[in-house]
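Please open the model in a viewer and keep the selection tool at hand. The tour below proceeds one selection at a time.

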Number of protein chains: 4
Amino acid sequence: MYKAGIAGASGYTGYELLKLIHRHPQLEVGWLTSESSAGGVYSDLYPVDWDYPLISLEDGLARVGEVDVVFLCLPHAASMQAVKSFYDTGILAIDLSADFRLADPAIYTRWYGLEHTAQELLQVARYGLCELYREQIRGGQLIAVPGCYPTSVNLGLYPLAKAGWLGERVIVDSKSGVSGAGRKPKLDYHFVEANENITPYSVGYRHRHVAEMEQVLNSANGTAHQTRFLFTPHLLPVNRGILSTIYVDVPAGVTEDEIRGLYTESYDGEPFIHLIPAGKQASLGHTVHTNRCAIAITPADPSRPNGTEYIVTASLDNLIKGASGQALQNFNIVKGLDETAGLL
Amino acid sequence: MYKAGIAGASGYTGYELLKLIHRHPQLEVGWLTSESSAGGVYSDLYPVDWDYPLISLEDGLARVGEVDVVFLCLPHAASMQAVKSFYDTGILAIDLSADFRLADPAIYTRWYGLEHTAQELLQVARYGLCELYREQIRGGQLIAVPGCYPTSVNLGLYPLAKAGWLGERVIVDSKSGVSGAGRKPKLDYHFVEANENITPYSVGYRHRHVAEMEQVLNSANGTAHQTRFLFTPHLLPVNRGILSTIYVDVPAGVTEDEIRGLYTESYDGEPFIHLIPAGKQASLGHTVHTNRCAIAITPADPSRPNGTEYIVTASLDNLIKGASGQALQNFNIVKGLDETAGLL
Amino acid sequence: MYKAGIAGASGYTGYELLKLIHRHPQLEVGWLTSESSAGGVYSDLYPVDWDYPLISLEDGLARVGEVDVVFLCLPHAASMQAVKSFYDTGILAIDLSADFRLADPAIYTRWYGLEHTAQELLQVARYGLCELYREQIRGGQLIAVPGCYPTSVNLGLYPLAKAGWLGERVIVDSKSGVSGAGRKPKLDYHFVEANENITPYSVGYRHRHVAEMEQVLNSANGTAHQTRFLFTPHLLPVNRGILSTIYVDVPAGVTEDEIRGLYTESYDGEPFIHLIPAGKQASLGHTVHTNRCAIAITPADPSRPNGTEYIVTASLDNLIKGASGQALQNFNIVKGLDETAGLL
Amino acid sequence: MYKAGIAGASGYTGYELLKLIHRHPQLEVGWLTSESSAGGVYSDLYPVDWDYPLISLEDGLARVGEVDVVFLCLPHAASMQAVKSFYDTGILAIDLSADFRLADPAIYTRWYGLEHTAQELLQVARYGLCELYREQIRGGQLIAVPGCYPTSVNLGLYPLAKAGWLGERVIVDSKSGVSGAGRKPKLDYHFVEANENITPYSVGYRHRHVAEMEQVLNSANGTAHQTRFLFTPHLLPVNRGILSTIYVDVPAGVTEDEIRGLYTESYDGEPFIHLIPAGKQASLGHTVHTNRCAIAITPADPSRPNGTEYIVTASLDNLIKGASGQALQNFNIVKGLDETAGLL
């Protein structure tokens, strides 16, 4: 039986991770930290009767020897030094923040507006997109769990990117449930404001998650092929789930069958990828409360058999496959367990 | 054309009042105050292009001569002195707070935990439950707009109370949309917490609105008959609307026909009361986005023709009939206008 | 006082139209038809106490002399002959179906899969997009009320189209509330299926509403400029409202200021167009329960001052500006009334 | 590894049961029946990629030897004979319908309006309310899974009933998510009708589930004590979850401490009962997506230390603890497995 420490357990990703750990046959809770609630118990925070004590991050570090893995659910920037402290003890660190996702510190600085203060770890961090980088993850000691939006886009487009079939520009219109914005009360997420509404934000090339799409998809094919990702996220009046509707132009001459073949081959045997049959679309219903990503590919114009325009729809649960579930999937891979343990 | 000042225009009741005034053929906006946003314009606050400047309460008072009525949408306690200042200028003051609803200052202190500092006005304030007190309202200069929950209960039970047919105890199980809690972000009203949920709060005899039920219903019949109101409000995952499900025991011998007769007679010709036919229940769909109160009466046990147990269901829109619409209805009554002006 | 007949009053657009007529100072209800509920009263259908009798379409036609306008809220195909019958009596016919929106019967047949059997009326029908075609509407006797999705797109893009600045292809990612799908129960619209979900449908060039975008926008500029509209509608878990997120490429050299100038000029003084200031986006909150269309324009890349990529977001209430409100606005124009009557 | 047959797998309880079985370490799917979809596969029905073939009930019966348990998710009346057929083969039958819940066939006939045609099995059926009847369940071959509403009420009141402290009449005001009404499209459950709404139905002593409350609670105490349950269910705009707000009068002299003691003792060590600390209430957030029932007890009047009025709030997930989860919990008990297997 492995034991897990969770640093920053008071947010939605921490809560979700706890629920998943309770289902995992080989993992149990070691300690939980919460800076704002240290000294209390978990049931102060959520409608549960789990009496786990909440300790400080410092105390968690002092008790690192009691656990086999530390999951860090801290905000970006705050995570940087915490990860380093845990990493230096030799423990497996699985970081759900953005701090170790981008390999190039200059790109990190450009998008996040601050200097990366643990750059040496960027070399050893593995980007934990399990279906694409399983081999690299296996030997990792520091895993950067991918962002929720990019996971939907990167899984949705990887087969095309690998074939070099993404055009110059891809348009990504994504819709996310409100839990993606965290648990801190704010007017935009007040029930009356978000309910019966949908709001675009950070439109164009403004959202930080574009960097993860560029990093993964523009390196998928050996050549220097570069695609720009015009990305518009929307706040959707649901608790959880992301749907990305993606507009792609493939090279002339590529057939629908070839494209479907790519996807089938890329994701053959993957337990958490649901390839949707032709003629149907991904919806949140395919994936919420699961660790799955559902992907559909549809030619834009049914009257043109070999047109170049395609719509990819991809959905996942932002708290599970887009965060805590994928974190646990990484843990399973690193420890050599059944990759689906705790995730069915 | 009359002009209105609105003190405290930045909350949901202020916003709703503005929308209603825009539909009113004889009323237009004079000035709007907002302590937190003074100096800005209304479109800073809501998704509208109304460029009304926002001024301070002090400036509103200085410009009282420009308007014919002041609607006060301030929090309780804060409203007390503001109402007094406006009232003393001789203008019609329509107060949406709780400060002038309770005739007895001792009862106010018991429920609100503070001294009433404008007690002399309690004598002149009229309780603006239009269907019941239309005559008193007509000559008023200070109107206390009733609370949202009690409006549903008082209209729902008044015919029974007037006949002296309310038993010793009435159980009121109410459900309210989140806008009833105001616009200030708080964890309970965060979308993710309130959505797909329902939460009881202030259960039993704890909620302040019980005082308004006692005041209205226990004085409806001449005798000293006293009913206790065991009241449980719930936070409902909708933007607006209140449904009260009310359990009443009538005296033995009273027939369903007699009860229906009471309601029909009490509300004959009322434009904003919707008496629902036997066998059907009130729902939010009957009243949201309207100034109406829908009321249904159902005997509890269909197998006992003249049983004593009845269920009354009553619904209204908490922001309209439960606040701003009723405020405007009071204005129409005081000014001798068509009572439905702006409210259809 | 004018009187209105409503043919097909039992659907959501009929219900909404009734509510709006109740607010209109110069229009009242004449008669209402419903094939499925003829012989009953309106309160059988909705949670209201309006006792309007429901008559058959045939009886409505026989009583055409009692009304000044007929609004037809019938399904497409069914509307064709009904419109003709009313039109032939000389009365003003305002048709909310798709049957008279497309000027070219061949295009109608292509998208709707059936022959147009009242082609002679296509010559006299006016496309009722009020802000663009006000002059033509004024003298009309047959008005085709535009579709909900195209109204958001056509108003959102018209200034660019008129300038000839729409590129070869525009991508339209639209999200619509469930009332857009009508009132007939179906598994897709069952609460449990649609709630906490979002589903794309008719992706690509498949949805009939593309034809209205082509017709309006490709004729906006005198030249033979043709734009294709790659359109993806989504079913959104809200009752009402459409948000269209639109991706446009303008010619190189065009500046953001020029574009904003076009919009300001095109919609100057329009009571129902809300141009959103730079840096903000349209949301449903801007327009639901109103007859307005809100439009925002944002350059995709803030780092490139004169880039060619823009995102237009446009929202409206599908039942009001996208149907019954726009129908009433057309009525006001034809009859020379205040265009906003009943619509504030 | 045990194998399960599911008869009537196409409804929400069948779907939920499948999801739970996938998490169960010792149970897997044998066969699934669906009369309406026999010949197809499960992924025709739900947004999943599970390719289980759907067979007819008759074929399921023929293949009873392949499974160790049959879960029947059929409508009441239809379940009666199906249960008998399976039971007669000697297999464990776990019935989620209402057909074997009521021990007295006359009571069944009174509430369900039809003759019970398998009365001999009423003697052997065990009422599967696990926390109360664990011992009887253990040896059962036919388990009647309790109804969703009564499970919340019976667990919420059992300690009081056992002590003989329920008064003459208990008022139960329950609110249920829409999945409780099944998957068949109907106007009441159309998204636009149910969303932003709440509707009472079957008010008073009309709902069939009252019979299960009477059967369990009126037999809890040895004496002939009889309580009437005035029950009002409401349709709540959420997918899943039941909240029951229950108004109880205990005998004079009983203290709050004694009551809390009863609950603590009755549910000591129960893995699926969450007793909420004093001063807080049960909400759906406590229990949705779990097999738990959360229960809170609150004295109505905080100013009277030993008053007799109490409010009990109890919540559960209608599809899990109120149906499929409880079904699986019964399976675990009968087979002597860890009672929480598959249910965490």
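Two strands count as paired if DSSP finds at least two bridges between them. The model shown here is a predicted one.

**First selection: a strand pair in chain D.** Select residues 169-176 of chain D, which form strand S8, together with residues 242-249, which form strand S11. These two strands run antiparallel and are joined by 6 bridges. Within strand S8, select Ser174(D); opposite this residue, in S11(D), stands Ser244(D).

**Second selection: the whole sheet.** Extend the view to the open sheet of chain D, in which 7 strands follow the order S9-S10-S8-S11-S14-S13-S12 with mixed pairing. Which strands stand at the edges? They are S9 (199-200) and S12 (273-275) of chain D; each has a single partner strand, so one side of each is left without a neighbour in the sheet.

**Third selection: a helix across the sheet.** Add residues 256-266 of chain D, which make up helix H9. Helix H9 lies across S12 and strand S13 (293-299) of chain D, and runs at about 170° to S13(D).

**Fourth selection: the domains of chain A.** Now turn to chain A and colour residues 2-124 as domain 1 and residues 149-317 as domain 2, following the domain assignment. The centres of these two domains, taken over C-alpha atoms, are 28 Å apart. Their contact involves 9 residues of domain 1 and 7 residues of domain 2.

**Final selection: the domain 1 side of that contact.** Select helix H4 of chain A, residues 105-112, which gives the most to this side, with 3 residues. The residues on the side of domain 1 that touches domain 2 comprise 7 nonpolar, 1 polar and 1 charged.

Conventions
Residues numbered from 1 in each chain as written. Chains lettered and ligands numbered in written order. Predicted model: local features only at pLDDT ≥ 70, side-chain atom pairs only at ≥ 80, totals over all residues. Domains from an automatic or database assignment. Contact = placed C-beta atoms within 7 Å. Helix = DSSP H or I, 4+ residues; strand = E, 2+ residues; numbered from the N terminus. Nonpolar A, V, L, I, M, F, W, Y, C, P; charged D, E, K, R; others polar. Axes fitted to C-alpha atoms, helices over the stretch in contact; angles between N-to-C directions.
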